[in-house]
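Me: Please take a close look at one part of this protein, the nonpolar core, and set it against the rest of the structure.

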Amino acid sequence: MSFLNKMFGRGEKGNPVTTGEAIQKLRETEDMLNKKQDFLEKKIEGEVTSARKHAKTNKRAALQALKRKKRYEQQLQQIDGTLSTIEMQREALESANTNTAVLTTMNDAAKALKKANADLDVDKVHDMMDDIAEQQDVAKEISEAISNPVAFGQEFDDDELEAELDALGEELELEEQKELDEQLLDVGPSVPSALPEVPSAEPPRAAKAKPKAEEEDPDMAELAAWAS
């Protein structure tokens, strides 16, 4: 049997362990080795204490304690190396397990997509889109037909309507010209009924203007008044 088969309790001819089972076994082994490390560290501390205790009183006992300490340290060093190997192996298995799960999911998604597309035909999709566009055009024509005003069977000629409108315009112009002519004939010279009365009172005389010299030189006028 190989080392892994011995560790995981499987025979060479048995079914191989799964990735998840191998990861679980490695974790259990790590826990066991960590406990072993704690035990050895405590043993080393005990042997150091014993060696110090008998260093002066019992040299032989002190040497035996130091030898046991050395053996424990060797075992502790071996466990450290084993833990490093197991940890790397566990991480590799976890990475492989993750990759396997991702690939499985992607494979399932690809199969589901293939199955979904198997029920679709590209030509049928194009035909369906053409039908939709055609129906939209029909709906547009119907909307335009409904929105156009209808005469319900009463159709009129545009030329006749325009001719009738021109005739009405000419008739209106003749009437306006006739009214203007009548107004011009009625206009004549207006004679007042009575002349205005002649005023009998004498118009007031204008006030006598003052001498120009006095208006222009008030100082001279004041001097003349003082002299007189």
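Reply:
**The nonpolar core in its setting**

The accessible surface of the protein comes to about 20,500 Å², as given by the Shrake-Rupley method with a 1.4 Å probe, with only the protein chains shown counting as cover for residues; carbon and sulfur atoms hold 55% of that surface. The model is predicted, with local features needing pLDDT of at least 70 and side-chain atom pairs counting only at pLDDT 80 or more, while totals for chains, interfaces and linings use all residues. Residues are numbered from 1 along each chain as its sequence is written, and side-chain values use heavy atoms, with hydrogens and water left out.

The protein has 7 helices and 0 strands, where helices (H or I, at least four residues) and strands (E, at least two) are DSSP runs numbered from the N terminus. Of its 228 residues, 9% count as buried, a term for under 20% relative accessible area, against over 50% for exposed and in between for partly exposed.

The largest nonpolar core, a set of buried Ala, Val, Leu, Ile, Met, Phe, Trp, Tyr and Cys residues joined through side-chain atoms within 4.5 Å, has 9 residues: Leu26, Leu33, Leu40, Ile44, Tyr72, Leu76, Ile79, Leu83 and Ile86. Helix 2 (19–53) and helix 3 (59–118) are the elements that give two or more residues to this core, and helix 3 supplies the largest share, 5 residues. In soluble globular proteins, nonpolar side chains tend to be buried together.

Outside this core, Ile132 lies in helix 4 (residues 122–147) and counts as partly exposed because its relative accessibility is 38%.

Note on methods:
Buried means under 20% relative accessible area, exposed over 50%, partly exposed in between (1.4 Å probe, protein chains only).
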